[in-house]
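Take a walk through this protein with the model open beside you. We will stop at a few places along the chain and look around each one.

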Amino acid sequence: MTFCLGITVEEGLVGIADTRITAGNEMTTAQKLSTYETQSGALFFMTSGLRSVRDKVVTYFEEALETCPPQDKIYKAVNTISGIIRRVAKEDKEYLDESGLHFNIHVIMGGQFSGDSCHRLYLIYPQGNWVEISPGTPYHIIGETGYGKPVLDRTLKHADSINFALKVGCLAFDSTRISAAGVDFPLDVVVYTKGSFALVEHRFEKKDLEHISLWWQERLRESVHALPSEWIEAIAANLSPAARKLHCRLEE
């Protein structure tokens with residue numbers, strides 16, 4: 001399983017990707033985040049799905065960057081990788097289906113090129129179609145989606161700072177890591193600041209963020225203890241036995 005999270009806020013973009021790869025009973029570490037800076041600007045993308053499909057898509061995309069003129073808008077790079085996904089599907093999908101495997105690559109791509117008025121973030125589907133991630137819901141997760149959503153939905157706003165988005169994103173990863181065995185460190189992070197046309201990358205090992213995980217866990221427990229309990233006490237005071245009494249009837 002995978003956890004890749006893209007966030008867009010007014011100040012810029014945040015990308016967070018775990019590195020655990022599961023194949024049968026084997027677990028390995030491999031990068032799911034790719035970053036690029038060209039003459040026109042900067043972009044990054046993260047993928048979920050079969051590793052073999054990802055590697056082929058990345059190889060073809062990098063070849064396209066080397067052979068094609070630099071793009072002036074980020075959506076054109078999105079169209080490029082969409083076309084590559086369709087190409088790889090034509091080459092491999094039939095054979096994967098025959099083997100019982102699914103062509104299930106999803107991509108989150110973000111960045112800004114010289115022709116873009118601001119940074120943009122996109123979700124690309126296995127069919128090659130895409131949607132832009134909007135300020136209304138300023139994030140998207142691919143892979144293991146359920147465990148990180150609550151903290152993001154409760155806290156994240158498009159007006160938040162990049163630092164806040166990074167904090168919340170790391171907490172969403174931590175929630176997923178605790179509950180999903182297929183998601184784990186090392187954790188790759190990329191940050192893009194609006195108008196900079198440059199990316200900042202960092203890899204966190206478990207020891208780097210372990211104290212944050214423990215801090216968050218203790219604050220959650222303290223918050224539960226501090227939660228007003230009058231409503232529980234009122235219910236407890238009026239509890240009545242709920243079990244139905246059963247009587248044995250002896251046959252003569």
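Proline 186 sits in the loop between helix 4 and strand 11. The model is a predicted one. Look at the link between phenylalanine 185 and proline 186. That peptide bond is cis, with omega at about -5°.

Just past this loop comes strand 11, which covers residues 187-193. Strand 11 pairs with strand 12 through 6 bridges, and the two run antiparallel. Pick out one bridge: valine 190 has glutamate 201 of strand 12 as its partner. Strands of a sheet pair through backbone hydrogen bonds, either parallel or antiparallel.

Now widen the view. An open sheet is formed by 5 strands, in the order 10-1-2-11-12, with antiparallel pairing. Which strands are at the edges? They are strand 10 (139-143) and strand 12 (199-204), each pairing on one side only. On average, neighbouring strands of this sheet are turned by 10° against each other, direction ignored.

Go back to the loop between strand 11 and strand 12. Phenylalanine 197 lies there. Its phi is positive, about 55°, although phenylalanine 197 is not a glycine. Is phenylalanine 197 buried, exposed or partly exposed? It counts as partly exposed because its relative accessibility is 33%, and the buried class ends under 20% while the exposed class starts over 50%.

Next, look at what is packed inside. The largest nonpolar core has 26 residues. Phe3, Leu5, Ile7, Ile16, Leu152 and Leu187 have the most contacts inside it. Several elements give two or more residues to this core: strand 1 (3-9), strand 2 (12-18), strand 10, helix 3 (149-155), helix 4 and strand 11. Helix 4 gives the most, with 7 residues. There is also a second, separate core of 24 residues, and Val58, Phe61, Val88 and Ile105 are among them.

Leucine 187 is worth a closer look. Setting aside neighbours within four places in sequence, leucine 187 is in contact with Ile16, Ala17, Asp18, Cys170, Phe173, His202, Arg203, Phe204 and Leu209.

Turn to helix 4, residues 162-179, and find threonine 176 in it. Threonine 176 counts as buried because its relative accessibility is 0%. What does its side chain reach? The side chain of threonine 176 reaches the backbone oxygen of alanine 172, at 2.9 Å. Beyond neighbours within four places in sequence, threonine 176 is in contact with Phe3, Glu144, Tyr147, Gly148 and Val183. Phe3 is also one of the residues with the most contacts inside the largest core.

Now check the cysteines. How many disulfides does a search of the whole structure find? The search finds 0. Take cysteine 170: the nearest cysteine sulfur belongs to cysteine 4 and is 13 Å away. A disulfide needs two cysteine sulfur atoms within 2.5 Å, so cysteine 170 is in none. Cysteine 170 counts as buried because its relative accessibility is 14%. Cysteine 118, in contrast, is partly exposed, with a relative accessible area of 21%.

The last stop is helix 1, residues 51-67, where aspartate 55 lies. Aspartate 55 counts as partly exposed because its relative accessibility is 36%. Compare its place with that of serine 117. The two are 62 residues apart in sequence and 31 Å apart in space, C-alpha to C-alpha.

How values were computed. Residues numbered from 1 in each chain as written. Predicted model: local features only at pLDDT ≥ 70, side-chain atom pairs only at ≥ 80, totals over all residues. Heavy atoms only, no water. Pairing = 2+ DSSP bridges. Helix = DSSP H or I, 4+ residues; strand = E, 2+ residues; numbered from the N terminus. Axes fitted to C-alpha atoms, helices over the stretch in contact; angles between N-to-C directions. Buried < 20%, exposed > 50% of the residue type's maximum accessible area, 1.4 Å probe, protein only. Polar contact = N/O pair within 3.5 Å; in protein donor to acceptor, adjacent residues only side chain to side chain. Contact = heavy atoms within 4.5 Å. Core = buried A, V, L, I, M, F, W, Y, C linked by side-chain atoms within 4.5 Å.
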